[in-house]
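Biologist: Could you walk me through some of the labels used for this model? I would like to see how each one follows from its cut-offs.

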Amino acid sequence: MIDINLLRNNIDEVESRLNSRGFKIDKKSFIDFENERKNLQIRVQELQESRNDLSKKIGTEKSKGNNVSEYMKSVGQTNDLLKEQNSALELLQSKIQEFLLDIPNLPHESVPIGLSENENEVLRVEGEKKEFSFKVKDHVDLGERLGLDFDLGVKLSGARFTTIRSSLARLHRSLGQFMLDIQTQEHGYEECYTPYLVNFESLKGTGQLPKFEEDLFITKKGGSEDKLYLIPTGEVPLTNFVRDSIVDLTELPIKLTALTPCFRSEAGSYGKDTRGMIRQHQFDKVELVQICHPNESYDVLDKMLSHAELILKKLDLPYRVMSLCSGDMGFGATKTFDIEVWMPSQGCYREVSSISNCEDFQARRLKARFKDSDKKNKLLHTLNGSGIAVGRAMVAIIENYQLKNGDIKVPEALVSYMNGVDVIQGKN
């Protein structure tokens, strides 16, 4: 949630920065809210002062032995008016809060201005694209004889679900374990196991609710009406570790990671990437979360980017790093880097990791603070990223490591995780 004081003090600048994201703020409504809030607060203050004056007069008149019944009646009427005005103010504050929850984060000044992925900037290209002496196949055609079963996924659950079997299932598992080991052993993240079902407050804290409920899978406990939501990313439970907390300065930065399934309804993606595993309702991802001092968050962002990149370097997969433009960033992000891995069959790069700095946007919603060296409580900065998406990484391995006969060479970094298997052979 953005700082309301930014709107109060410089709404035109906020409007301009939000426009660069393709978001049009209802400036008139906010100004109307603010005028009404100021009038109500003035009225409440006047009534409180009037009640205080009456209370003092009652005390004075009582000490003189005078009748104070009229004064008492006036106090009662003032209390009724005060209660009425406070209720109106509370209702208005709720409306302002709802208004703020709908507004995305402001883009950092270094973010490229643009409204679509076409305006994203290529920062660098890494790795050598493999040369093939044969016509490359995509992961769907290769996967049919290796253990990818899309028809069975549809049979069990419906479109955009996949089953993986045999050695390819082991490769999928090995990838997740390999990524966790790198992030915990080489980069110092604390491995976590989290719930895969979370409540409304958790999703509100990280920005998915109330605006993006259609993107989520929702469950109910037994016959009750209480909702629980399947996590769209491990970012949600991990970042909520500090919800309603005041963290000691010595605890920062907090570095958390988890391998979790992610569940997304893919609302609005009808017709996109319907072939294969690129866009699924369920997929696994190693999530990286850092919670840090505001002065350090952009240094942390660069470090997290390098942590995700190292996975692709160790797997020897060609990739490029993108700086997302203002209109292509996620709701809570103020600056985002995407890592895109090369897919030979498509002749293009596809996103396999996003690393974002949310600054204090999530922390304000979460009430996540720390006690700074000046002993004052301040909002934390939160960052999150993929370290990395397991399914898409596996797709990239299948395509980049394919052999002429349709088998898949196992990247050297994964052979030990595969118990020495260095080639995944399919059924003939």
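Biologist: What makes five residues in the lining of the second largest pocket charged?

Modeller: Asp, Glu, Lys and Arg count as charged, while Ala, Val, Leu, Ile, Met, Phe, Trp, Tyr, Cys and Pro are nonpolar and the others, Gly among them, polar. The lining includes Glu144, Arg145, Asp149, Arg165 and Lys427, so these fall in the charged class. Two nonpolar and four polar residues complete the classes. This is a predicted model, where local features need pLDDT of at least 70 and side-chain atom pairs 80 or more, while totals for chains, interfaces and linings use all residues. Residues are numbered from 1 along each chain as its sequence is written, and side-chain values use heavy atoms, without hydrogens and water.

Biologist: Why does the 3.4 Å between the backbone oxygen of Asp181 and the side chain of Thr184 matter as a label?

Modeller: A polar contact is a pair of N or O atoms within 3.5 Å, one able to donate a hydrogen and the other to accept it; residues adjacent in sequence count only if both atoms are side-chain atoms. The oxygen of Asp181 lies 3.4 Å from a polar atom of the Thr184 side chain, so the distance is within the cut-off.

Biologist: How do you know that β6 pairs with β7?

Modeller: Two strands pair if DSSP finds at least two bridges between them. Three bridges join β6 to β7, so the condition is met. The two run antiparallel, and Lys220 stands opposite Lys227 in β7.

Methods: Helices (H or I, at least four residues) and strands (E, at least two) are DSSP runs, numbered from the N terminus. On a 1 Å grid over the protein atoms alone, a cavity is a set of points where a 1.4 Å probe fits but cannot get out, and a pocket is an open set with protein on both sides within 12 Å along at least five of seven lines; lining residues have an atom within 4 Å of a point.
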